[in-house]
Amino acid sequence: MRSTICEYSMFEFFKNSRKLLGMNSRNLEFIRPFNRAKAKRLADNKMRSKRVLKKNGISVSKLIATIKTIEDLENFDWQKLPNSFALKPNRGFGGEGIVVVYGKKKGRDDAWVKADRSLITIEDLVSHIRNILDGSFSLSNTPDFAFFEERLQLLKLFKPYSYKGIPDIRVIVFNKIPVMAMLRLPTKESGGKANLHQGAIGVGIDLATGVTTTAIQNNRLIEKIPGTQLSTSGLRIPYWKDILFLATKAQEISGLGYLGADIAIDKENGPTILELNARPGLAIQVANLAGLAERLKRVSGIKIKTVEKGVRVGMDLFGGEIEEELEEISGRKVIGTVEKVKITGKNGKEVEVEARIDTGAGISAISKELAIELGFDEAVRYWEEFNLDKVLSEEEIQKLSANKTWKELEKHPDIVGVAKTYSAHGATYRIEIKVSLLIDNLAVLSKLSISNRSGLAYPILIGRRDLNKFLIDVKK
Amino acid sequence: MELNISPIIHFFTNEGVPIETIILLLMLPIIATFIAFLRQVVGIKAFGIYTPLIITFAFLATNGLRYGVAIFLAVIFIGMLMRFVMKPFRLLYLPRVAIMLTIVSLTILVMLVLGGNQRRTGLASVSIFPILIMITLVEKFVAVQIEKGNKTALILAFETLIISIFGFYIASWKPLIEILIGYPWLILLTIPMNIVIGKWTGLRISEYFRFRHIIKQL
């Protein structure tokens with residue numbers, strides 16, 4: 001009896017192990033055929049990949065200065081460095097050779113403070129850059145460049161979870177589909193670096209929701225951040241869809257068929273690509289308690305035309321079904337036909353008003369007066385210059401469309417779109433502005449069309465486009 | 001027992017190639033295949049293929065395994081020690097390795113003298129060639145030390161030592177030598193064997209170990 005159980009579990013063991021991606025398979029079946037030498041060279045060259053990504057409209061941390069030769073180093077103007085920055089070797093790997101400073105030492109012009117509060121002087125930096133130029137940190141010790149870039153600012157949300165450094169998110173993308181992701185949290189043991197084999201924590205992420213699941217440190221499962229009571233699971237990573245989008249877009253641009261994109265979230269600029277990895281490691285499988293081989297097999301051969309589609313497929317295939325269902329059932333809030341809404345306009349201006357919830361309307365509308373109050377006075381004035389602030393006939397609207405008036409209108413930075421409405425009272429040609437709405441404590445990023453609502457009871461009307469997350473109870 | 005010698009081996013020796021050299025050259029592909037197998041199927045990394053291979057041959061050329069191992073350990077020990085000694089000087093790579101090589105050669109010289117003094121003539125009479133091979137290990141060791149840290153360098157050095165010791169026993173295994181002398185063509189079989197190893201996409205044994213906790217939960 002015992003032996004049959006044993007055989008069964010051995011069989012299970014080997015069957016399950018086939019879901020895992022090993023080094024041999026990664027190299028032979030994914031890196032070799034899908035990551036061409038040219039693309040690999042791009043990924044290994046941080047400055048060049050930064051440039052290429054930036055040119056394609058992808059957010060990267062800003063380059064401050066580069067040092068390519070000893071002469072550059074000797075002539076370098078140290079006073080032009082900002083108070084905080086990161087110094088990196090161009091071809092470094094595994095986070096080696098990176099120096100991050102957080103501020104200038106008070107009262108000194110030649111010293112900065114590092115994460116561990118120790119000082120680093122210009123003299124130290126010179127000697128470190130010499131080592132970089134000499135190739136001490138580069139792949140196979142070839143001579144290298146050093147560069148300074150802006151330091152990313154830690155998001156408040158992550159503060160209790162990470163020790164000193166900034167956490168990052170590794171996303172594996174294959175065939176334009178994100179297949180697995182992991183949050184890497186720097187720890188005391190890792191010296192503030194988000195590097196797993198130095199002792200950082202790897203946290204698995206549900207691809208559909210961006211919520212953390214299981215976590216590992218030093219190849220062992222953990223449930224709490226060491227030294228705290230913070231659970232490693234259940235953390236919702238902000239900008240989740242943007243992060244997947246960024247990673248997938250980076251795969252398309254870099255030409256790396258099998259990519260590990262490292263993304264950090266900057267307090268001001270949001271998701272930012274840190275670096276591209278042509279040979280991403282296998283530990284992500286342990287953090288997620290999931291096999292990559294199985295996932296890669298599922299997505300290979302699917303024809304994906306756009307990045308958006310790829311992200312959607314990845315989210316659908318590799319998201320936890322239970323959580324999704326829960327959201328379907330209980331995640332939607334029930335609201336009435338009139339609700340208190342908090343609107344955040346330009347420059348953080350907040351106004352609370354009663355809004356009409358109207359499922360008969362497609363798009364949401366806001367009165368001119370309220371829009372002005374929210375700081376969109378310039379946009380309103382610009383619109384008024386076109387003399388469109390009135391009821392128009394259908395012919396007039398068609399003429400406006402033919403003249404591409406919307407193009408002219410959208411030149412204003414606050415005008416994000418133009419809406420045409422037709423009703424029994426006639427047609428209107430409205431401009432749209434972007435605001436954030438808080439409806440029953442749920443944030444909705446909305447495009448509101450500005451209209452003349454004088455004589456109506458509510459200065460704002462919420463239409464179907466912004467009501468996806470709600471159920472409407474007419475008796476409420 | 002009559003030793004079966006292949007005609008081609010006869011031909012080689014008649015042309016003046018020493019039989020020891022022939023055996024070493026025939027052993028080389030076998031040891032190389034063994035190392036490739038250990039890397040791809042078992043998952044032992046060591047310092048690539050060249051270093052364990054050449055260390056194996058250095059062991060074969062020293063008088064007995066223990067002197068070879070002693071020199072190996074001395075080299076690694078000094079590599080470790082010198083890292084701490086040289087750290088405050090902040091030297092560039094090549095001068096740093098040059099100083100390390102100097103210390104290593106001096107240490108080995110002292111070891112040989114001590115060996116002679118203790119009447120361990122075996123150590124003192126080790127030829128210079130395997131000693132030089134061993135010294136080249138320093139550069140490999142230092143390179144990994146800089147890139148991946150002390151711990152990884154030590155692990156890889158240990159793996160190299162183990163592989164080389166196994167290689168030593170394989171290459172000095174009498175029945176294998178007899179087979180090779182009798183049927184030298186057999187070494188061509190290592191080519192298809194390497195093709196199979198080179199196409200192997202399964203998990204390495206070390207990966208079964210690494211993922212053992214999660215395999216049950218997949």
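**Exercise 1. Contacts of a proline in chain B**

Which residues does B:Pro29 touch, not counting residues up to four places away in sequence?

*Solution.* The structure is a predicted model. Step 1: place the residue; B:Pro29 belongs to helix α2 of chain B. Step 2: list its partners, which are B:Ile187 and B:Thr190, once residues up to four places away in sequence are not counted. Step 3: set sequence beside space for another residue, B:Leu189. B:Pro29 and B:Leu189 are 160 residues apart in sequence, yet their C-alpha atoms are 9.7 Å apart in space.

**Exercise 2. The make-up of chain B**

State how many helices and strands chain B has, and describe its extent and its contacts.

*Solution.* Step 1: count the elements; chain B has twelve helices and zero strands. Read from the N terminus, the order is accordingly α-α-α-α-α-α-α-α-α-α-α-α. Step 2: consider the extent. Along the principal axes, the C-alpha atoms occupy a box of roughly 60 × 60 × 30 Å. Step 3: consider burial; 43% of the 218 residues of chain B count as buried. Step 4: consider contacts between residues at least 6 apart in sequence. In chain B, 77% of these join residues at least 24 apart.

**Exercise 3. Two helices of chain B**

Determine which residues of helix α9 of chain B are buried and what they pack against. Then decide whether B:Ala98 is buried, partly exposed or exposed.

*Solution.* Step 1: helix α9 of chain B covers residues 174-182, and its buried residues include B:Leu176, B:Ile177, B:Leu180, B:Ile181 and B:Gly182. Step 2: the buried residues of this helix pack against α1 (7-14), α2 and α8 (150-171) of chain B. Step 3: turn to B:Ala98, which is found in helix α5 (residues 93-117) of chain B. Its relative accessible area is 38%. Buried requires under 20% and exposed over 50%, so B:Ala98 is partly exposed. Step 4: B:Ala98 and B:Val138 are 40 residues apart in sequence and 9.9 Å apart in space, C-alpha to C-alpha.

**Exercise 4. The span of a helix in chain A**

Check the length of helix α2 (residues 23-34) of chain A against its expected span.

*Solution.* Step 1: the helix has twelve residues. The expected span is 1.5 Å times one less than the number of residues, so the helix should span 16 Å. Step 2: its end C-alpha atoms are 15 Å apart, which agrees. Step 3: identify the buried residues of this helix, namely A:Asn24, A:Ser25, A:Arg26, A:Phe30 and A:Ile31. Step 4: find their packing partners. In chain A these are α3 (37-44), β7 (168-174), β12 (258-266) and α9 (292-299), together with α2 (19-42) of chain B.

**Exercise 5. The nonpolar cores**

Which residues touch the most other members of the largest nonpolar core?

*Solution.* Step 1: the largest nonpolar core holds 74 residues, and A:Ile169, A:Leu183, A:Trp240, A:Tyr258, A:Ile273 and A:Leu292 touch the most other members. Step 2: strand β8 (residues 177-185) of chain A supplies the largest share of this core, seven residues. Step 3: a second, separate core has 41 residues, among them B:Phe59, B:Val69, B:Met100 and B:Ile131. Step 4: recall the general tendency: in soluble globular proteins, nonpolar side chains tend to be buried together. Step 5: examine one member of the largest core. Leaving aside neighbours within four places in sequence, A:Trp240 is in contact with residues including A:Ile169, A:Ala181, A:Ile205 and A:Met315.

**Exercise 6. Aromatic pairs**

Classify the ring pair of A:Phe14 and B:Tyr208, and then that of A:Phe85 and A:Phe148.

*Solution.* Step 1: the count over all chains is 17 aromatic pairs. Step 2: for A:Phe14 and B:Tyr208, the centres are 5.5 Å apart and the planes stand at 70 degrees, an edge-to-face pair. A:Phe14 lies in helix α1 (residues 2-17) of chain A and B:Tyr208 in helix α11 (residues 205-210) of chain B, so the pair joins two chains. A:Phe14 is partly exposed at 39% relative accessibility, and B:Tyr208 is partly exposed at 22%. Step 3: the ring centres of A:Phe85 and A:Phe148 are 5.2 Å apart with planes at 80 degrees, so this pair is edge-to-face. A:Phe85 lies in strand β2 (residues 85-89) and A:Phe148 in strand β6 (residues 146-150) of chain A, so the pair ties together parts 63 residues apart in sequence. Both A:Phe85 and A:Phe148 are buried. Step 4: ring pairs link A:Phe76, A:Trp78, A:Phe85, A:Trp112 and A:Phe148 into a cluster.

Note on methods: Residues numbered from 1 in each chain as written. Chains lettered and ligands numbered in written order. Heavy atoms only, no water. Core = buried A, V, L, I, M, F, W, Y, C linked by side-chain atoms within 4.5 Å. Buried < 20%, exposed > 50% of the residue type's maximum accessible area, 1.4 Å probe, protein only. Helix = DSSP H or I, 4+ residues; strand = E, 2+ residues; numbered from the N terminus. Contact = heavy atoms within 4.5 Å. Phe/Tyr/Trp six-rings, centres within 6.5 Å; stacked < 30°, edge-to-face > 60°.
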